[in-house]
Structures are given as C-alpha cells and as structure tokens.
Amino acid sequence: MFNGNSTQTENFHQRFMLQAFLLAEKAFDEGEVPVGAVIVYENTIVGKGYNQVERLNDPTAHAEMIAISAACDTLTNKYLSDCTLYVTLEPCMMCSGAAVWSKLKRVVFGAMDEQAGGCGSRFNITENRNLNHRLEVIQGVMEADCEYLLKEFFRSKRG
C-alpha cells in the first residue's frame, strides 16, 4: 500500500471508503439496503458493487459479492491476495466467507453489523483458524456516515 503515519493511513482508507459510500447511496436511491463496496489493488479500484438483492431477486447479490466478482474478472484471477475490500457495512457470513475463499488481504468496513456480521461482531469468519486463509480486518472507517445512511433507510421503510 504505502508507508505513512496513522493519519495518512486513515485518510487513505477514507478515500476508498468514500467511493463505497457513494455506491451505498446509489443502493439507497434504488430502494436497496444501502451497502456499497469497492476492491482496491495497487491503489486502484478494480471491482465495485452495491446491494442489488431486490432488483435481481437474488439473496446473494450483496455489494461485496458483486465487487468480488468484478475484481476477479478485472484481474483475471480467482484470488485477490493483494487486494483490500472496502465496504460500508460489516460483511455477513456469506460475504466474509467469500472474502476468505477469494484470499483477500484485508477488509475495511464502516458500520458494524451486530446481528449478522461475519468479521468479528457476531461471527468471526475472517480469522477462523479452521479455514485455509485469514485476513486483516479494520473497522470503523466513516462509521458514523455509514450508520446514518443505514438508519435513514430503515426509518424510511418503517415510516
């Protein structure tokens, strides 16, 4: 990635999380749970996605799954060993499993998912020693913004 102090690292992560956040806003506008994801390789976005579960009538059409598929296609490789996934909400068990199977280097997420998170809050798929790969997890990047968007979405659905 790069060498720098913690403020530089935080700014670096925020730069890519902002791109994921913009995709989450697109999901929000389309009536989808507002989650966006980008995958970064050598400081370049190589895959992106946002939730499309409703549009595609597909319970696996999560932002992370779409971004992983796009990145694998871009890099013409089933493994994303030197890539980082930025996602606005902590990946669920399915998406955390896909992060492990695709051998991502790191997951950076915004808001925690206390009910279904697979990166430490509810389950810990990404660091499970029974699996063949573990990855670094960084949480809380743009957390307040990500939480706000999710809360607004669910408030509007209840209203």
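**Figure 1. Strand E4 and its two neighbours in a predicted model.** E4 pairs with E5 in the parallel sense, over four bridges. This is a predicted model, like everything in the views that follow. One rung to look for here joins Val107 to its bridge partner in E5, Val137. On the other pairing, E3 and E4 also run in the parallel sense, this time over five bridges. Val107 shows up again there, with Leu85 standing opposite it. As a reminder, strands of a sheet pair through backbone hydrogen bonds, either parallel or antiparallel.

**Figure 2. The whole sheet, strand by strand.** Zoom out a little and you get an open sheet of five strands, in the order E2-E1-E3-E4-E5, with mixed pairing. The edges are strand E2 (44-50) and strand E5 (136-139), each of which pairs on one side only. Going from one strand to the next, the twist averages 15°.

**Figure 3. Val108, tucked inside E4.** How much of E4 is covered? Six of its six residues are buried, so mostly covered is a fair way to put it. Val108 belongs to this strand, which spans residues 106-111. Val108 counts as buried because its relative accessible area is 0%, and the cut-off is under 20%. Which residues does Val108 touch, not counting those up to four places away in sequence? The list is His13, Met17, Thr84, Leu85, Tyr86, Val87, Ile138 and Val141. Thr88 makes a handy distance marker: Val108 and Thr88 are 20 residues apart in sequence, and their C-alpha atoms are 8.4 Å apart in space. When you look along the strand, remember that in a regular strand the side chains alternate between the two faces of the sheet.

**Figure 4. Helix H5 across the strands.** Helix H5, made up of residues 143-158, lies across strand E3 (83-89) and E4. Relative to E4, H5 runs at about 60°.

**Figure 5. The largest pocket, with H5 along its wall.** Rolling a probe the size of a water molecule over the atoms shows where empty space is left. In this model the largest pocket holds about 260 Å³ of space. Its lining is made of Leu89, Ala111, Met112, Asp113, Glu147, Leu150, Lys151, Phe154 and Arg158. Which element gives the largest share of that lining? H5 does, with five residues. By chemistry, the lining of the largest pocket splits into five nonpolar and four charged residues, with no polar ones.

**Figure 6. The second largest pocket.** This one holds about 220 Å³ of space. Its lining has 14 residues, and the closest to the pocket centre are Val33, Val35, Asn51, His62 and Leu89. Leu89 also helps line the largest pocket. The lining of the second largest pocket divides into seven nonpolar, two polar and five charged residues.

**Figure 7. Pro34, in the loop ahead of E1.** Pro34 sits in the loop between helix H1 (6-29) and E1. Is Pro34 buried or exposed? Its relative accessible area is 2%, which is under 20%, so Pro34 counts as buried. Not counting residues up to four places away in sequence, Pro34 touches Ala24, Ala27, Phe28, Thr88, Leu149, Leu150 and Phe153. One of these contacts, Leu150, is also in the lining of the largest pocket. For a sense of scale, Pro34 and Asn132 are 98 residues apart in sequence and 31 Å apart in space, C-alpha to C-alpha.

**Figure 8. Helix H4 and what covers it.** In helix H4 (residues 93-101), the buried residues are Cys95, Ser96, Gly97, Ala98, Ala99 and Val100. Their cover includes helix H3 (63-75) and E4. After H4 comes Lys103, with a positive phi. Lys103 lies in the loop between H4 and E4.

**Figure 9. Two loop residues with positive phi.** Where is Asn43 found? Asn43 is in the loop between strand E1 (36-41) and E2. Its phi is positive, at about 65°, although Asn43 is not a glycine. Asn43 has 35% relative accessibility, between the 20% and 50% cut-offs, so it counts as partly exposed. Lys103 is the other residue in this view: its phi is near 60°, again a positive value in a residue other than glycine.

Definitions and conventions. Residues numbered from 1 in each chain as written. Predicted model: local features only at pLDDT ≥ 70, side-chain atom pairs only at ≥ 80, totals over all residues. Heavy atoms only, no water. Buried < 20%, exposed > 50% of the residue type's maximum accessible area, 1.4 Å probe, protein only. Contact = heavy atoms within 4.5 Å. Pairing = 2+ DSSP bridges. Axes fitted to C-alpha atoms, helices over the stretch in contact; angles between N-to-C directions. 1 Å grid on protein atoms, 1.4 Å probe; cavity = no way out; pocket = protein on both sides within 12 Å on 5 of 7 lines; lining within 4 Å. Points joined across faces, edges and corners; volume = space filled by probe spheres on them. Nonpolar A, V, L, I, M, F, W, Y, C, P; charged D, E, K, R; others polar.
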